[in-house]
Amino acid sequence: MHIKVDDIVIVIAGNDKDVKGKVLAVDARNGKVLVEGVNKVHKHVRRSAKNPQGGRLSKEMPIDISNVMLVDPKTGKPTRVGFRYLEDGSKERYAKKSGQSLGVVAPARPAYAKKA
């Protein structure tokens with residue numbers, strides 16, 4: 001997956017277009033992400049001991065991962081994500097627009113280390 005938890009993303013399609021938010025959860029099997037403050041719906045809740053007031057709760061629902069793009073930490077604009085191997089053989093994510101590193105994904109492997 002190109003998007004991970006705690007990434008800042010921008011919605012590129014749907015009712016919440018151009019809204020930025022933090023990724024709260026990623027469902028890789030279904031290709032969905034839960035973004036803070038995006039795709040809010042009202043859930044009607046019956047009165048109970050746990051919720052004595054009842055009424056409507058507002059909660060976020062997952063949106064398709066194809067409808068969000070990662071925000072470049074350097075420029076603040078949407079960017080695609082790439083993967084590359086460093087000199088020591090570790091794999092990292094990077095922003096395609098600026099080339100900025102987004103963190104190491106896999107530890108160093110000697111087979112992918114660059115030979116001098």
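**Exercise 1. Determine whether Thr 79 is buried or exposed in this predicted model, and describe its surroundings.**

Solution.
Step 1. The relative accessibility of Thr 79 is 2%, so this residue counts as buried. The cut-off applied here is under 20% relative accessible area.
Step 2. In the secondary structure, Thr 79 belongs to strand S8, which covers residues 78-79.
Step 3. Two polar contacts of the side chain are to be listed. One reaches the backbone nitrogen of Lys 96 at 3.4 Å. In the other, a polar atom of the Thr 79 side chain lies 3.2 Å from the backbone nitrogen of Lys 97.
Step 4. Setting aside residues up to four places away in sequence, Thr 79 touches Met 69, Leu 70, Val 71 and Asp 72, and also Ala 95, Lys 96 and Lys 97.

**Exercise 2. Identify which residues form the largest nonpolar core, and state which strands each supply at least two of them.**

Solution.
Step 1. The core has 11 residues: Ile 3, Val 9, Val 11, Val 23, Val 33, Val 35, Val 38, Ile 63, Val 68, Leu 70 and Val 81.
Step 2. At least two residues of this core come from each of strand S1 (8-11), strand S3 (32-35) and strand S7 (68-71).
Step 3. In soluble globular proteins, nonpolar side chains tend to be buried together.
Step 4. Take Val 38 as a core member. Apart from neighbours within four places in sequence, Val 38 is in contact with Val 11, Asp 16, Val 19, Glu 60, Met 61 and Ile 63.
Step 5. Leu 70, another member of the core, is among the residues that Thr 79 touches.

**Exercise 3. Characterise the pairing of strands S9 and S10.**

Solution.
Step 1. Strand S9 (residues 81-85) and strand S10 (residues 91-95) run antiparallel and are joined by 5 bridges.
Step 2. Within the pairing, Arg 84 stands opposite Glu 92 of S10.
Step 3. The hairpin has 5 residues between the strands, and Gly 89 takes a positive phi near 95 degrees.

**Exercise 4. Decide whether the protein is more spread out than a compact globule or not, using its radius of gyration.**

Solution.
Step 1. The protein contains 11 strands and 0 helices.
Step 2. Its radius of gyration is 19 Å, whereas the globule rule gives 13 Å for 116 residues; the value is well over the rule, so the protein is more spread out than a compact globule.
Step 3. Along the principal axes, the C-alpha atoms fill a box of roughly 70 × 30 × 20 Å.
Step 4. Of the 116 residues, 22% count as buried. The accessible surface comes to about 8000 Å², and carbon and sulfur atoms hold 50% of it.
Step 5. Among contacts with a separation of 6 or more, 35% join residues 24 or more positions apart.

Methods:
Residues are numbered from 1 along each chain as its sequence is written. This is a predicted model: local features need pLDDT of at least 70, side-chain atom pairs count only at pLDDT 80 or more; totals for chains, interfaces and linings use all residues. Side-chain values use heavy atoms; hydrogens and water are left out. Helices (H or I, at least four residues) and strands (E, at least two) are DSSP runs, numbered from the N terminus. Buried means under 20% relative accessible area, exposed over 50%, partly exposed in between (1.4 Å probe, protein chains only). A polar contact is a pair of N or O atoms within 3.5 Å; within protein, one must be able to donate a hydrogen and the other to accept it, and residues adjacent in sequence count only if both atoms are side-chain atoms. Contact means heavy atoms within 4.5 Å. A nonpolar core is a set of buried Ala, Val, Leu, Ile, Met, Phe, Trp, Tyr and Cys residues joined through side-chain atoms within 4.5 Å. Two strands pair if DSSP finds at least two bridges between them. The radius of gyration is taken over C-alpha atoms; the globule rule is 2.2 Å times the number of residues to the power 0.38. Accessible areas come from the Shrake-Rupley method with a 1.4 Å probe; for residues, only the protein chains shown count as cover.
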